[in-house]
Amino acid sequence: MGNSKTAIVILNWNGEGMLEKYLPILIRCSISPYVEIVVADNASTDGSDKLMREKFPQIPYIKLDRNYGFADGYNRALQYVRADYYMLLNSDVEVTMGWLEPMISYLDNNPQVAACQPKIHQIVNRDMFEYAGAAGGFIDRLGYPFCRGRIFDSIETDSGQYDTDASLFWATGAAMLVRSKIFKETGGFDADFFAHMEEIDLCWRMRARGYQIRLVPQSVVYHIGGGTLGAEKPYKTYLNFRNNALLLYKNLPEKELKPIMRKRYCLDIIAACVYLLKLKPKHFAAVLKARHQVRSLKDSFQQKRQENMALAVTDNIPERTGFSILWRLHVKRQNTFNKLRIKTTE
């Protein structure tokens, strides 16, 4: 691919309909001599190839030999892309005119910031935040991710309450602008995650190594969400529970590792039982399978953990909260981000 300042890279897997609908909008809203759009394909079996050849021949197209998942699919595709900034964008995202410039400008003017994200709204309910990122990601002390504008399934309407620049723990993989140098320097996405939480893992590494992650609220995009793996699919449950535990094992400071991992094991077993009570036996089995897989993978992840601990320059990441979000939500009934009273600027 050419050497652009910013490369917008869409990783596609059987998303022919999404590409046909949203790629023309992206092209129209991203015209610039400094911006290149690239589509990478994870060996789709639908009509994505034909669509790209016939309707978008001007767009560089990277065809991977098999489905490597979100994590390694991006790692492999980005080897062919030369740019200062990578804009990682889901195929089911609708952008708006002028969406990209505020984020590029923010990275230009803040060299300590490794990555940033726009506000993510729902496509159907366009004034509401969308689950996968909302107005920027945080994580609690037990490893549960949440967002400004979204705590678990409690999703807020955007009334301007998060229209401030904010320091984040993680930026969404649905629309993340990241410095290519730092992406490579920190190892990119962990291929073993396949999909889900790989962006949180990457951002944890970047934050621990002294870089910042920010929200740029002047930019807004609209996201369908769950286009490839719906929320009700047991495989998604499996990936979320497995990857969340591996995320903790890789990145937790040594003094917290054993107590946090023990607590999460107990909470995951409780979650599995809740699925069973809700008559969702496949999700129950998915959680148990995830926990078994974590035990199997721990030895192979030990080297990754050692590397992360060796390269970390700080354990003090304010966006990893000292409280339990489960306690705050279910006991204290704090179901919006502002009720949590978290400091979001540095």
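Modeller: Let's start with a word we will need throughout: a residue is called buried when its relative accessible area is under 20%, and exposed when that area is over 50%. Keep in mind that this is a predicted model.

Biologist: Thanks! Let me try it on Pro-217: is this residue buried or exposed?

Modeller: Pro-217 has a relative accessible area of 8%. That is under the 20% limit, so the residue is buried. You will find Pro-217 in strand 13, which covers residues 212–223.

Biologist: Which residues is Pro-217 in contact with, leaving aside its neighbours within four places in sequence?

Modeller: They are Lys-119, Tyr-162, Asp-163, Thr-164 and Asp-165. Sequence separation and distance in space are two separate things to read. Take Pro-217 and Tyr-238: these two are 21 residues apart along the chain, and their C-alpha atoms are separated by 32 Å.

Biologist: How does Leu-78 look when read in the same manner?

Modeller: Leu-78 belongs to helix 3 (residues 69–78). Its relative accessibility is 3%, so Leu-78 counts as buried. Beyond its neighbours within four places in sequence, Leu-78 is in contact with Val-9, Tyr-86, Leu-88 and Phe-183. Lys-263, by comparison, is 185 residues away from Leu-78 in sequence and 37 Å away in space, C-alpha to C-alpha.

Biologist: Two names in that contact list make me think of rings. How many aromatic pairs does a search of the whole structure find?

Modeller: The search finds 14 aromatic pairs. For one of them, Phe-138 and Phe-146, the ring centres are 6.1 Å apart and the planes meet at 25 degrees, so this pair is stacked. Planes under 30 degrees apart count that way. Phe-138 is buried, at 0% relative accessible area, and Phe-146 is buried with a value of 0% as well. Another stacked pair is Tyr-235 with Tyr-238, whose ring centres lie 5.9 Å apart with planes at 20 degrees.

Biologist: Where do Tyr-235 and Tyr-238 sit relative to one another?

Modeller: Both are in helix 7, and they are separated by about one helical turn because they are 3 residues apart there. Tyr-235 is partly exposed at 38% relative accessible area, whereas Tyr-238 counts as buried at 8%. As for your contact list, Tyr-86 and Phe-183 belong to a cluster linked by ring pairs, together with Phe-70, Tyr-74 and Phe-189.

Biologist: Now the backbone. Which residues other than glycine have a positive phi?

Modeller: Let me show you two cases. Ala-134 has a phi near 45 degrees, and Leu-279 has one of about 60 degrees. Ala-134 sits in the loop between strand 6 (113–122) and strand 7 (137–139), while Leu-279 is in the loop between helix 8 and helix 9. Ala-134 is buried, with a relative accessible area of 0%, but Leu-279 counts as exposed at 74%.

Biologist: After that loop comes helix 9. Where does helix 9 bend?

Modeller: Helix 9 runs over residues 281–311 and bends by about 55 degrees at Lys-298. Its buried residues include His-283, Arg-291, Leu-297, Phe-301 and Asn-308. Among the elements covering the buried residues of helix 9 are helix 6 (198–208), helix 7 (234–251) and helix 8 (254–277).

Biologist: Last topic: empty space. How many cavities of 30 Å³ or more does the search find?

Modeller: There is 1, and about 40 Å³ of space lies in it. A cavity is space from which the probe cannot get out, while a pocket is open. The residues lining the cavity include Ile-10, Met-18, Tyr-22, Leu-89 and Ser-91. Helix 1 (residues 16–29) gives the largest share of that lining, 5 residues. By class, the lining has 8 nonpolar and 2 polar residues, with no charged ones.

Biologist: And what volume does the second largest pocket have?

Modeller: About 190 Å³. Its lining has 17 residues, and those nearest its centre are Pro-253, Asp-315, Asn-316, Ile-317 and Arg-320. Helix 9 returns here: helix 6 and helix 9 each supply at least two lining residues. The classes in this lining are 7 nonpolar, 6 polar and 4 charged residues.

Notes
Residues numbered from 1 in each chain as written. Predicted model: local features only at pLDDT ≥ 70, side-chain atom pairs only at ≥ 80, totals over all residues. Heavy atoms only, no water. Bend = angle between axes of the 7 residues up to and from the residue. Helix = DSSP H or I, 4+ residues; strand = E, 2+ residues; numbered from the N terminus. Buried < 20%, exposed > 50% of the residue type's maximum accessible area, 1.4 Å probe, protein only. Contact = heavy atoms within 4.5 Å. 1 Å grid on protein atoms, 1.4 Å probe; cavity = no way out; pocket = protein on both sides within 12 Å on 5 of 7 lines; lining within 4 Å. Points joined across faces, edges and corners; volume = space filled by probe spheres on them. Nonpolar A, V, L, I, M, F, W, Y, C, P; charged D, E, K, R; others polar. Phe/Tyr/Trp six-rings, centres within 6.5 Å; stacked < 30°, edge-to-face > 60°.
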